[in-house]
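Here is a walk through one protein chain, for someone who would rather look at the fold than at a table. Keep the viewer open while you read.

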Amino acid sequence: TKQFYHCFGCGAHGTAISFVMEYQGLGFVDAVKDLATRAGMQVPESEGRGFRDEKPGQTRTLIEVMARAAQYYKDQLKKSPRAIEYCKKRGLTGEVAARYGMGYAPDGWQNLQEVFPDYNADELKVAGLVIENEAGRRYDRFRDRLMIPIINPKGEIIAFGGRVLDVGEPKYLNSPETPIYSKSRTLYGLNLSKAAIRKLGYAVMVEGYFDYAQVHQAQAAPVVATCGTALTPAQVQLLRRFTTRVVLSFDPDSAGQGAAVRSSDLLVAEGFDVNVLVLNKGEDPDTFIRRNGPEAYRER
């Protein structure tokens, strides 16, 4: 009723907006939008300041579209012995796959018509779920791939990473930039790890989805991943909302260690306390934990 909160234990206090910013790790604008959505209000956008020409109400529509697509992919995973076997081979149980919302995009050109009867709807193209060729014909972006949803700190699906099950290129296919997804501003897995990062006071940063899954499911460390890109200033600012201590756990090859050096420079310049975990040659966090267990990883 007084429009503020206060904890008599730790002294934390503030307004509804600052509560959402702290609790969900959001910026001011995102916190205002989140509260407005809950209250059924539309936040006015100043002319020229819209996020990538976002239209009024478009964010909620795109998030709903992504949620429906994710449910379709999850249902398809249950029907694909080949995709299930691939998950098992990568050390992921059915329970773990469900926790991360993993799914499977079956082979075929227009499978999403099953869940979106209006296959020509603008939202499907804007969300990056379909591609339109020069002749105007549409087809599914993701085909015959294990689908890994990318989720924002509020728990909303904003993009997908698709991994081929067999040999093929590209090995990973990610959603394009959209009004709700910017890979340079996103840290994979932060929605699941943010509480542990705050509690333990540090974050381990890995490079890939499966590295994240293995570290997280083994409870080896509070972990995030970089969505297949070099660490960006926007990602550093996002992480700063939760901690300023980071352990980089990249692949021990030259590319991984080069990325560790560049990431360290960026983090240190932003005032972070940084350590680098170096594994044996030929190992990454995923394979190391499967071979040696989470305790050995924690010791490293």
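## A helix wrapped up by its surroundings

Start with helix α8 in this predicted model: nine of its nine residues are buried, so the rest of the structure largely encloses it. Buried here means under 20% relative accessible area. If you want to click through them, the buried residues of α8 are Y209, F210, D211, Y212, A213, Q214, V215, H216 and Q217. That list takes in charged and polar names such as D211 and Q214 along with F210 and V215.

What does α8 lie across? The helix, residues 209–217, lies across strands β9 and β10. Relative to β10, α8 runs at about 170°.

## Just past the helix

Step off the end of α8 and things change. Just after the helix, Q219 takes a positive phi of about 55°, and it does so although it is not a glycine. You'll find Q219 in the loop between α8 and β10.

Is Q219 buried or exposed? Its relative accessibility is 66%, so Q219 counts as exposed, the cut-off for that being over 50%. So the buried residues of α8 are followed by a loop residue, Q219, that counts as exposed.

## The four-stranded sheet

Now for the strands that go with α8. The order is β10-β9-β11-β12, in an open sheet of four strands with parallel pairing. At the edges sit β10 (223–225) and β12 (273–276), each of which pairs on one side only. From one strand to the next, the twist averages 25°.

How many bridges hold β9 and β11 together? Strand β9 (residues 203–206) pairs with strand β11 (residues 245–248) over three bridges, in the parallel sense. β11 also runs parallel to β12, and four bridges join these two. V246 is a handy marker here: A203 stands opposite V246 in β11, and V246 in turn stands opposite V274 in β12. As a rule of thumb for reading such strands, side chains in a regular strand alternate between the two faces of the sheet.

There's a crossover to trace as well. Follow β11 into helix α10 (residues 254–269) and on to β12, and you have a right-handed β-α-β unit.

## Backbone oddities elsewhere

Two more spots deserve a click. The peptide bond from E169 to P170 is cis, with omega near -5°. P170 is found in the loop between β7 (157–164) and β8 (172–174).

The other spot is D144, which has a positive phi of about 55° although it is not a glycine. Look for D144 in the loop between β5 (138–140) and β6 (145–151).

## Zooming out

The protein chain has 12 helices and 12 strands. Its radius of gyration is 20 Å, close to the 19 Å that the globule rule gives for 300 residues, so the chain is as compact as a globular protein of that length. Taken along the principal axes, its C-alpha atoms fill a box of roughly 55 × 55 × 35 Å.

What about the inside and the surface? Of the 300 residues, 46% count as buried. Among contacts with a separation of 6 or more, 62% are between residues 24 or more positions apart. The chain exposes about 15700 Å², and carbon and sulfur atoms supply 52% of that area.

Definitions and conventions
Residues are numbered from 1 along each chain as its sequence is written. This is a predicted model: local features need pLDDT of at least 70, side-chain atom pairs count only at pLDDT 80 or more; totals for chains, interfaces and linings use all residues. Side-chain values use heavy atoms; hydrogens and water are left out. Two strands pair if DSSP finds at least two bridges between them. Axes are lines fitted to C-alpha atoms, for helices over the stretch in contact, and angles run from 0 to 180 degrees between N-to-C directions. Contact means heavy atoms within 4.5 Å. A crossover is right-handed if, with the strands pointing away from the viewer, the path from the first strand over the helix to the second runs clockwise. The radius of gyration is taken over C-alpha atoms; the globule rule is 2.2 Å times the number of residues to the power 0.38. Buried means under 20% relative accessible area, exposed over 50%, partly exposed in between (1.4 Å probe, protein chains only). Accessible areas come from the Shrake-Rupley method with a 1.4 Å probe; for residues, only the protein chains shown count as cover.
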